[in-house]
Amino acid sequence: MNLYRLKDFTAREILRGSFGIEWETLRVKKDGRLSLTPHPTVFGDKYTNPIVTTDFSESQIEIITPTFNTIDKAFDTFSILSDLVNSSLPDDEYLWFQSIPCILPYWNQIPIAKYPKEGKTSQKYRENLANKYGVKKQMISGVHFNFSFSDYLIDRLFENEVEDISYKEFKNNIYLKITRNYIRYCWLIIYLTGASIGSHKTFSPECIHLMDKKDEYGSYYSTRGPSFRNASCGYKNIKDLFPSYDSVREFVKDLQEFINNGDLSEAKELYSQIRLKTKNPSDLLNSLKQDGIEYLEIRTLDINPFYKCGLVKHDMKFLHLFLIYMLIKEESDYPNWQLESKLNEENAAERGYVDSMRLLKDGKEVKLKDWACEIIEEMYEMCEELNITKADLTLNLMYDRILKEDLTYGKRLLKLIRENGYINTHIQFSKNNKQSSIYNLEKIDFNKCEELKKYANIALSGNKVF
């Protein structure tokens, strides 16, 4: 996909798409300990509620937005839904604004999500994961960003396609190229948005071993890297699994082989920075073959404690521009690119603030900041060529984080954790963000917006109030 093919479109046509957000996080008590109560009844049945459910644990809430055709609509709705969830918790409970867990009890006291009879398959899957990876690893949380281009854009691009391929294959190729390039360059997203630099002693010795400082309250933290959720100690497959992304057929073949070998129990157990999503997620491999790729799920983002919904809009806007850039960016033919990409993401996560650390670019060492600046400069050029005129503020913010690492979320967190400790810092975030959510909701008249009213009633299906 060359730049000139997108130059036939307006910026609005290029930026239009389908956007959704998923956010998983823990419920905690005021002292930073995990809440062990069942999923709150105010949200109704977690198995049937499409907006508010659980993830691995009863203590782990997940918010899933509907899809929208602009970033602004998706983000603004997500922000309000997070306000509803946060303010609907009991007075003595809070959302945990951090990807690495709070103070955890013994592993056998962490409640795995319970489901009714029709959801027993989901419950059994979680029990198997607990046995394979450990319960505590399952408590790592994050933000997922779902994206696809508009059908209009893909249809128009396909009209000018010179190769003799089907529409489904053409669309697959677009998302496969983005996927391959995203895997290569996601280290930059880790550096720019990473916000998980600490761990309580009750979490994982693997993570603690990677951290170089200890606070006075039973926690550890790192001065060297921005994202231990994305580090080697994060929630990853036990073995390195590198499926082919050259075609859907090869990807499906490789995943089926991983399942047959016992490396995966099913396709969704492949924990990658980006996932291919399809029409029928319950039968992923067959649906990929029959229906093709519907959208992409970006799984890199840490929960951001500095904003009341765990996500900053400019980060989401940057990620959108970044995915467009991933489509345009020429690909390297370096053969060991997946292994190199894994090393880069872990190095950026664990040691992104260390000047002597080097990433690998086609087998050669390069400074993170030099490579990062090169990418942002190319994105400036892309936006200028495509007349995307409102991107400068977003790109400027990212450029500043590269040149001045004290502006990154990890470094800002480091200052607070040094002063107050890991748990105290995040409990204060939790309390402040809950108050912000309550205050924000007081200003909204749901009766004046039928769409918001509908989503609010679904989210609070156990206690409809609008």
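Is D362 buried, partly exposed or exposed? D362 is partly exposed, because its relative accessible area of 37% falls between the limits of 20% and 50%. The legends below describe this residue and other sites in a predicted model.

**Figure 1. The whole chain is shown as an overview of the predicted model.** The chain has 466 residues, and its secondary structure comes to 16 helices and 12 strands. Taken along the principal axes, the C-alpha atoms fill a box of roughly 60 × 50 × 50 Å. The radius of gyration is 22 Å, which agrees with the value near 23 Å for a compact globule with this number of residues. Buried residues account for 59% of the chain.

**Figure 2. D362 is shown in the loop between strands β11 and β12.** Strand β11 covers residues 358-361 and strand β12 covers residues 364-367. D362 has a positive phi of about 55°, although this residue is not a glycine.

**Figure 3. N387 is a second site with a positive phi, here near 60°.** This residue, too, is something other than glycine. N387 is found in the loop between helix α12 and helix α13, the latter spanning residues 392-403. N387 counts as exposed because its relative accessibility is 54%, and the cut-off for exposed is over 50%.

**Figure 4. Four acidic residues form a patch of negative charge on the surface.** The members of the patch are E377, E381, E384 and D392. Helix α12, residues 368-385, supplies the largest share, three residues. E384 lies in this helix. With a relative accessibility of 65%, E384 counts as exposed.

**Figure 5. A salt bridge joins E385 and K7.** The closest N and O atoms of the two residues are 3.1 Å apart. The pair links distant parts of the chain, 378 residues apart: E385 is in helix α12, while K7 is in the loop between α1 (3-6) and α2 (11-15). Both ends of the bridge are partly exposed, E385 with a relative accessible area of 40% and K7 with 44%. Side chains of opposite charge can pair when their charged atoms come close.

**Figure 6. K313 and D76 meet through their side chains in a salt bridge.** The distance from N to O is 3.2 Å. K313 belongs to helix α10 (residues 313-328) and D76 to helix α3 (residues 71-88), so this pair also links distant parts of the chain, with the two positions 237 residues apart in numbering. K313 is partly exposed at 23% relative accessible area. D76 counts as partly exposed at 37%.

**Figure 7. K171 and E294 form a salt bridge with an N to O distance of 3.9 Å.** K171 sits in helix α6 (residues 167-193), and E294 sits in the loop between α9 (284-291) and β10 (295-301). The two residues are 123 residues apart, and the pair links distant parts of the chain. Which of the labels buried and partly exposed applies to K171? K171 is buried, because its relative accessible area is 12% and the cut-off for buried is under 20%. E294, in contrast, counts as partly exposed at 26% relative accessibility.

**Figure 8. Five charged residues are linked in a network of salt bridges.** The residues are K236, D240, K342, E345 and E346. A search of the whole structure finds 29 salt bridges.

**Figure 9. F242, L339 and L343 make a nonpolar patch on the surface.** The area of the patch is about 230 Å². F242 is found in the loop between β8 (219-221) and α8 (248-260). At 35% relative accessibility, F242 counts as partly exposed.

**Figure 10. N457 is shown in helix α16, which covers residues 450-459.** N457 is buried, with a relative accessible area of 14%. How far from N457 is N160, in sequence and in space? The two are 297 residues apart in sequence and 45 Å apart in space, from C-alpha to C-alpha.

Terms used:
Residues are numbered from 1 along each chain as its sequence is written. This is a predicted model: local features need pLDDT of at least 70, side-chain atom pairs count only at pLDDT 80 or more; totals for chains, interfaces and linings use all residues. Side-chain values use heavy atoms; hydrogens and water are left out. Patches are made of residues with over 30% relative accessible area and no salt bridge: like charges are joined within 9 Å, nonpolar side chains (Val, Leu, Ile, Met, Phe, Trp, Tyr) within 5 Å. Accessible areas come from the Shrake-Rupley method with a 1.4 Å probe; for residues, only the protein chains shown count as cover. Lys and Arg count as positive and Asp and Glu as negative; His and the chain ends are not counted. The place of a charge is taken as NZ of Lys, CZ of Arg, CG of Asp or CD of Glu. Helices (H or I, at least four residues) and strands (E, at least two) are DSSP runs, numbered from the N terminus. Buried means under 20% relative accessible area, exposed over 50%, partly exposed in between (1.4 Å probe, protein chains only). The radius of gyration is taken over C-alpha atoms; the globule rule is 2.2 Å times the number of residues to the power 0.38.
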